[in-house]
Amino acid sequence: MATPDDILVARGVEAGYGKKQILFGVDFAVAKSEVVALLGANGSGKSTALNTISGFVRPLAGSIQFEGAEIAGKPPHQIFRRGVIQVSQARDLFMDMSVEDNLRLGAWVRGGQVADLLDGVFQSFPRLAERRQQVVRLMSGGEQQMVAIGRALMGNPKILLLDEPSGGLAPIFVNEIAAIIKALKKTGIAMMIIEQNIKLALSVADRFLILREGRVSQHHDVRSGAVNEEEIVRSIYL
Ligand SMILES: Nc1ncnc2c1ncn2[C@@H]1O[C@H](COP(=O)(O)OP(=O)(O)O)[C@@H](O)[C@H]1O
Ligand SMILES: [Mg+2]
């Protein structure tokens, strides 16, 4: 299944919390510039899978290679430095700090050209530029999600891991987040995206996987033809 274009390859990943195993031999790959959606019911292990890639959860077994280097079980900051950058489900923003300071923190760890990166984010998100001094707590959920994505971009990611970017947002912001993800995709950045919003997921993904109780139950290439959204929803929830 792995191809020479794959940058992220996971094989037989098992992970859990204490004695509770959550992932049972999960395999997947993401190629250069590819967007892979990770779908599944609540509690199926989607966030655990992303957190295992980014190092916040230590795998019990299996291999995760990024650009040919083994990253499974490495500490999060090392994985981050390789360009594997996650926007977590909780967003983890510093609510009482300004937009700009939150963004700057995203570059802090990897170093780099902070001013250039900041300019790039403000170009992609004009609304954040207008509100650069605004305290994050006073922003809408959609704007906060923009800050979270912008902060991840400040780390100059090679692959972006997005955990439910549209989660909890009003419909108007769901469309805006979808547009942002599509614009990011055009830049050629690889992404893995968890979404409950199947329409959004299918509109951006090249491929998708369905996790069921910690195992990959299905694997589809969206590019190879039309997908039946209803059927997918059924196979996730029934
Ligand atoms: N930090 C944690 N400690 C213990 N159990 C957890 C923790 N995080 C998640 N779980 C459990 O792991 C299972 C999978 O959770 P998760 O990966 O968050 O699923 P999903 O993102 O698909 O909704 C759930 O049963 C959840 O309760
Ligand atoms: Mg989750």
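In this predicted model, E164 lies in the loop between β7 and α7. The residue is not a glycine, yet its phi is positive, at about 50°. E164 counts as buried because 21 other C-beta atoms lie within 10 Å, against a threshold of 20 or more.

The strand that leads into this loop, β7, spans residues 159-163 and is mostly covered, five of its five residues being buried. Its side chains are divided between two directions: I159, L161 and D163 point one way, L160 and L162 point the other way, and all are buried. This arrangement follows the general pattern, in which the side chains of a regular strand alternate between the two faces of the sheet.

β7 pairs with two strands described here. Strand β6, residues 84-87, runs parallel to β7 and is joined to it by four bridges. Within this pairing, V87 has L162 of β7 as its bridge partner. Strand β8, residues 190-194, also pairs with β7 in the parallel sense, over five bridges. Here the bridge partner of D163 is I194 in β8. The connection from β7 to β8 passes through helix α7, residues 171-186, and the resulting β-α-β crossover is right-handed.

A second non-glycine residue with positive phi is E213, for which the angle is about 45°. E213 is placed in the loop between β9 (207-212) and β10 (215-221). With 13 other C-beta atoms within 10 Å, E213 is partly exposed, whereas E164 is buried.

Ligand 1 is surrounded by Y17, K20, I22, G40, N42, G43, S44, G45, K46, S47 and T48. By class, this shell comprises two nonpolar, seven polar and two charged residues. Two elements, β2 (20-31) and α1 (46-54), each contribute at least two residues to the shell. The largest share comes from α1, which supplies three residues.

Helix α1 is itself mostly covered, with nine of its nine residues buried. The buried set consists of K46, S47, T48, A49, L50, N51, T52, I53 and S54. Among these buried residues, K46, S47 and T48 also belong to the surroundings of ligand 1. In general, an α-helix has 3.6 residues a turn, so residues three or four places apart point the same way. The residue that follows α1 is G55, with a positive phi near 95°.

R11 is located in strand β1, which covers residues 6-17. The last residue of this range, Y17, is among the residues around ligand 1. R11 is partly exposed because 17 other C-beta atoms lie within 10 Å, short of the 20 required for a buried residue but above the limit of 12 for an exposed one. When residues up to four places away in sequence are left out, R11 touches D27, G62 and S63. R11 and F28 are separated by 17 residues in sequence, while their C-alpha atoms are 6.8 Å apart in space.

How values were computed:
Residues are numbered from 1 along each chain as its sequence is written. Chains are lettered from A and ligands numbered from 1 in the order in which they are written. This is a predicted model: local features need pLDDT of at least 70, side-chain atom pairs count only at pLDDT 80 or more; totals for chains, interfaces and linings use all residues. Two strands pair if DSSP finds at least two bridges between them. A crossover is right-handed if, with the strands pointing away from the viewer, the path from the first strand over the helix to the second runs clockwise. A residue is near a molecule or strand if its C-beta atom, placed from the backbone, lies within 6 Å of it. Ala, Val, Leu, Ile, Met, Phe, Trp, Tyr, Cys and Pro count as nonpolar, Asp, Glu, Lys and Arg as charged, and the others, Gly among them, as polar. Two residues are in contact if their C-beta atoms, placed from the backbone, lie within 7 Å.
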